[in-house]
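Welcome to this short tour. Keep your viewer ready and select along as we go from stop to stop.

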Amino acid sequence: MDKMRIRGGKTLSGTVQASGSKNAALPILISSLLSEGACNFSRVPNLQDIRTTLKLLEQMGVKVQNDLQKNRVCLEAKTVSQFEAPYDLVRTMRASVVVLGPLLARFGKAKVSLPGGCAIGARPINYHLTGLEKLGAQIELEGGYVIASAKRLQGARVAFEFPSVGATENVMMAAALAKGESILENCAREPEIIDLAGALRAMGAEIEGEGTEEIRIQGKDKLGGCDYPIMGDRIEAGTFLAGALMTGGAVRVEGLASTHLEAVLVKFEEAGAKIVRGDQFIELQSQGRAKALDITTQPFPGFPTDMQAQFMAIMAVADGASVVTETIFENRFMHVPELARLGADITVRGNTAMIRGQAKLIGAPLMATDLRASASLILGGLAAQGETVVNRIYHLDRGYERMEEKLSTLGADIERIS
Ligand code: EPU
């Protein structure tokens, strides 16, 4: 199992390119199941979760031309022979439950394993299922599987109980091939939803309102091929900027819209950093030790839960006491005991963590537990004095493309140990 060794205390500075967004790419690759033509996707990040998705699509009969080294993938779902996402796969990558909507809409059947709990929370899929039922799907649960069928999905009004990212994506994809108009209310407004709508539109779907609470979709009888570049990864970008702040550096991340990260940029400013916002770049210049600050995670446009762990690493070395309130996932504090091994002073009560900033952290061996927790441990290691070894970085590899390479370019002393 690979580890990451970091010798901390180096200042991060320079320019780095954002990779394509993992959380945009996953549903977009899956949306090729809706299309009868060839879907050419570029800027696809070369990540474990992406490779798992391609394997799933291939098993279903999708023709996969994989040029991930060049961040390109061509998917052709002219014929699909398997309509199942098996437990072993869904367990490792819960995003695969969004095959339900496209399979149902185009082929009228789907069998998808219930994902089960995961490290950061229970993460049920009830909003996905209720939404698909509103479009006319019949859904049964049997042997740990969702077994769904439909003659032809019918456009309908779907009001989500909560603006779930995955449920919005699943139902949006289903509605793209349903008969008639669908009006989705209380939708997730994340930039990844806008990117998925862009990809569906490139295939010929008729969608409006993405990025707002209400999305309207006129269902089509069929969708065709497309050429579509995936948007830049806002969470990867935010992680590099956090590294710059924690090490007293200055970093420019290129290849993403600063508006996608606005709630995070405001918090960097509150911590005392100078931010330059561009149409396709963001720059952070540290102005000295970060000031204490409070964050509460919220659906977009609020502060993203996927940046919570990284901000806790900032707070661990900030001047003063900070508070984190996590409202999206019920168990997303697993980085806390690991950050404590570096000397961080953190007290957790329920969904709130109080962090008393320390003047310095000292390197230590650490264990990664989930994707964003891993990122926070890497950040902790970059800021700590001495050597930090982060074990189990396969979690990190699920969501960060060549992270050690990119950090080295910025001046970090970091290496992968196989
Ligand atoms: N929820 C339900 N029922 C549902 C769906 C969601 O109760 O049917 C709950 C979840 O348990 C959670 C909350 O609603 O407590 C939010 O879940 P949401 O559906 O919005 O999240 P997701 O689609 O499962 C995506 C990202 C996550 C990111 C969240 C929130 C992908 C592949 N994953 O998950 O990314 O944290 O949105 O923004 O897009 C990550 O990249 O590290 C990651 C976990």
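Start by selecting residues 22–31, helix H1: nine of its ten residues are buried, so the helix is largely enclosed by the rest of the structure. Buried here means under 20% relative accessible area, exposed means over 50%, and partly exposed lies in between, using a 1.4 Å probe and protein chains only. Helices (H or I, at least four residues) and strands (E, at least two) are DSSP runs, numbered from the N terminus. Colour Lys22, Ala24, Ala25, Leu26, Pro27, Ile28, Leu29, Ile30 and Ser31 to see the buried residues of H1. Then add Ser21, which caps the N-terminal end of H1 with a side-chain oxygen 3.4 Å from the backbone nitrogen of Asn23.

Before moving on, note that this is a predicted model: local features need pLDDT of at least 70 and side-chain atom pairs count only at pLDDT 80 or more, while totals for chains, interfaces and linings use all residues. Residues are numbered from 1 along each chain as its sequence is written, and side-chain values use heavy atoms, with hydrogens and water left out.

Next, the aromatic rings. Rings of Phe, Tyr and Trp (its six-membered ring) pair if their centres lie within 6.5 Å; planes under 30 degrees apart count as stacked, over 60 as edge-to-face and the rest as tilted. By this rule there are four aromatic pairs. Select Phe83 and Phe107 for a tilted one, at 5.3 Å centre to centre with 55° between the planes. This pair links distant parts of the chain, 24 residues apart: Phe83 is in the loop between strand E5 (72–76) and strand E6 (84–85), and Phe107 is in helix H4 (residues 100–107). Phe83 is buried at 17% relative accessible area, whereas Phe107 is partly exposed at 24%.

Now jump to Phe303 and Phe311, whose ring centres are 5.0 Å apart and whose planes meet at 80°, so this pair is edge-to-face. Both Phe303 and Phe311 are buried. Add Phe268 to the selection, and you have one aromatic cluster of Phe268, Phe303 and Phe311.

Where do charges sit over rings? A charge counts if NZ of Lys or CZ of Arg is within 6 Å of the ring centre and within 35 degrees of the ring normal. Select Arg91 with Tyr87: the charged end of Arg91 is 5.5 Å from the ring centre. Then try Lys111, whose charged end sits over the ring of Tyr145, 4.7 Å from its centre.

Last stop: Glu404, in helix H14 (residues 403–409). At 15% relative accessibility, Glu404 counts as buried. Leaving aside neighbours within four places in sequence, Glu404 is in contact (heavy atoms within 4.5 Å) with Met4, Ile414 and Arg416.

Notes: A polar contact is a pair of N or O atoms within 3.5 Å; within protein, one must be able to donate a hydrogen and the other to accept it, and residues adjacent in sequence count only if both atoms are side-chain atoms.
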